[in-house]
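Q: Could you take a close look with me at one place where two helices pack together? I am new to this, so please go step by step.

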Amino acid sequence: LKMSAMLETSELPAVFDGVKLAAVAAVLYVIVRCLNLKSPTAPPELIYQDSALARFLLKSCPLLTKDGHIQTALYGKMGRVRSPHPYGHRKYLTMPDGATATFDLFEPQSEHCIGEDVTMVICPGIANHSEKQYIRTFVDYAQKNGYRCAVLNHLGALPNIELTSPRMFTYGCTWEFGAMVNYIKKTYPQTQLVVVGFSLGGNIVCKYLGESQANQERVLCCVSVCQGYSALRAQETFMQWDQCRRFYNFLMADNMKKIILSHRQVLFGDNMKKSHSLSDADLSKLYTATSLMQIDDNVMRKFHGYNSLKEYYEEESCLHYLHRIYVPLLLVNAADDPLVHESLLSIPRALSEKRENVMHVLPLHGGHLGFFEGSVLFPEPLTWMDKLVVQYANAICQWEKTKSHCSDTEQAVSGQE
């Protein structure tokens with residue numbers, strides 16, 4: 001313990017210097033962005049295969065052809081303003097390993113545009129849950145458009161819910177999300193599903209759909225917003241200072257440390273260390289970690305028994321599952337996202353150029369889960385991102401209804417002949 005304390009004390013000046021440099025870089029980045037808030041913006045880039053579905057979407061979903069007054073990651077990181085407080089019911093599901101998964105269920109507040117039962121199953125970003133402002137805003141808007149919403153609370157993320165097994169959420173574990181989806185399918189046998197994932201949640205939902213064809217049953221479409229597609233390819237870029245990625249990495253790592261340590265009694269007990277091969281050295285490294293990669297390597301990968309960080313990132317990323325998704329898939333990123341390096345955007349671009357069911361939307365501005373509209377001092381609580389996801393889902397629902405109606409008409413005509 002003395003050696004650990006000496007190590008931490010000796011590294012404090014270097015850590016503080018890094019934080020100061022990061023803070024200065026962040027301030028400069030914010031100033032530059034604010035000076036350019038009123039500059040004209042081009043329509044978002046759309047990459048898709050020409051098909052009947054794509055033409056229908058472009059006609060039925062006008063927000064795909066103009067991006068409004070979209071801005072940077074400030075809104076996503078600093079939080080929404082005047083966020084609504086939708087009322088829902090919390091559900092508890094016991095997992096096979098003893099973990100307790102939770103999700104919040106919100107009923108629709110109006111009739112859906114096609115008059116049918118449709119449920120949005122939503123997976124938030126890293127360490128997020130249904131009480132986050134951007135989730136509350138999106139759920140409220142979706143409810144008002146006739147959608148039932150089920151929002152997963154990442155295992156260990158809710159401060160008032162204790163862990164019941166020595167495991168918490170990881171980058172690509174789909175167990176809890178799958179349990180929530182199965183609950184919805186069983187409880188509402190007539191409902192159809194719209195799958196939505198934000199940031200890390202986008203990786204989880206795409207991986208979940210691609211893991212099994214059965215997971216795509218009753219799924220109308222999937223929307224992924226601001227994910228990075230491959231953790232293995234992203235890890236090097238996450239250590240770079242370009243667009244302050246290293247600073248964001250530090251902030252997210254600090255938040256993850258707080259969440260992990262808040263469950264230290266369950267996660268770091270003797271049984272846990274024995275079952276997951278954690279050593280006291282690993283726990284000491286957690287305290288001094290300044291990046292998500294260090295936390296993933298010393299703690300997170302061991303929840304599922306991965307032998308290395310490379311293996312963990314390779315297996316947990318949705319990159320190898322995207323081509324197995326056959327339902328309509330909308331992939332949304334922002335060109336100025338400070339967390340997702342531009343090199344990663346070649347993944348959704350290549351996929352959308354090959355697959356008719358995939359569309360990639362890339363506006364110039366939006367940051368990471370920002371996409372706010374309005375002025376800097378008085379932004380609108382509802383963002384372009386919220387409206388885009390709902391309008392895309394509406395268009396897909398109308399497309400499916402139109403196909404079904406045409407099919408019924410053809411069968412009727414064929415029967416008369």
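A: Let's begin with a term we will need: a crossing of two helices is called right-handed if the near helix is turned clockwise from the far one by less than a right angle, and left-handed if it is turned anticlockwise. Two packed helices are described by the angle between their axes and the distance between the axes.

Keep in mind that this is a predicted model. Now find helix H5, residues 175-187, and helix H6, residues 200-211. Their axes come within 10 Å, and they cross at roughly 65°. Angles of 65 to 115 degrees count as roughly perpendicular, and H5 and H6 are therefore roughly perpendicular to each other. As for the sense of the turn, the crossing of H5 and H6 is right-handed.

Which residues make the contact between H5 and H6? On the H5 side, look for Phe177, Gly178, Val181 and Asn182. On the H6 side, Ile204, Val205 and Tyr208 take part. Sorted by class, the contact of H5 with H6 has five nonpolar and two polar residues, with no charged ones.

While you have the model open, you can also look for empty space inside. The structure holds four cavities of 30 Å³ or more, and the largest cavity has about 90 Å³ of space. Its lining counts 13 residues, with Thr100, Thr102, Leu155, Gly156 and Ile161 nearest the centre of the largest cavity. Strand E3, residues 100-106, gives the largest share of that lining, three residues. By class, the lining of the largest cavity has six nonpolar, six polar and one charged residues.

Notes: Residues are numbered from 1 along each chain as its sequence is written. This is a predicted model: local features need pLDDT of at least 70, side-chain atom pairs count only at pLDDT 80 or more; totals for chains, interfaces and linings use all residues. Side-chain values use heavy atoms; hydrogens and water are left out. Axes are lines fitted to C-alpha atoms, for helices over the stretch in contact, and angles run from 0 to 180 degrees between N-to-C directions. Helices (H or I, at least four residues) and strands (E, at least two) are DSSP runs, numbered from the N terminus. Angles under 35 degrees count as roughly parallel, over 145 as roughly antiparallel, 65 to 115 as roughly perpendicular and the rest as oblique. Contact means heavy atoms within 4.5 Å. Ala, Val, Leu, Ile, Met, Phe, Trp, Tyr, Cys and Pro count as nonpolar, Asp, Glu, Lys and Arg as charged, and the others, Gly among them, as polar. On a 1 Å grid over the protein atoms alone, a cavity is a set of points where a 1.4 Å probe fits but cannot get out, and a pocket is an open set with protein on both sides within 12 Å along at least five of seven lines; lining residues have an atom within 4 Å of a point. Grid points are joined across faces, edges and corners, and a volume is the space filled by probe spheres set on the points.
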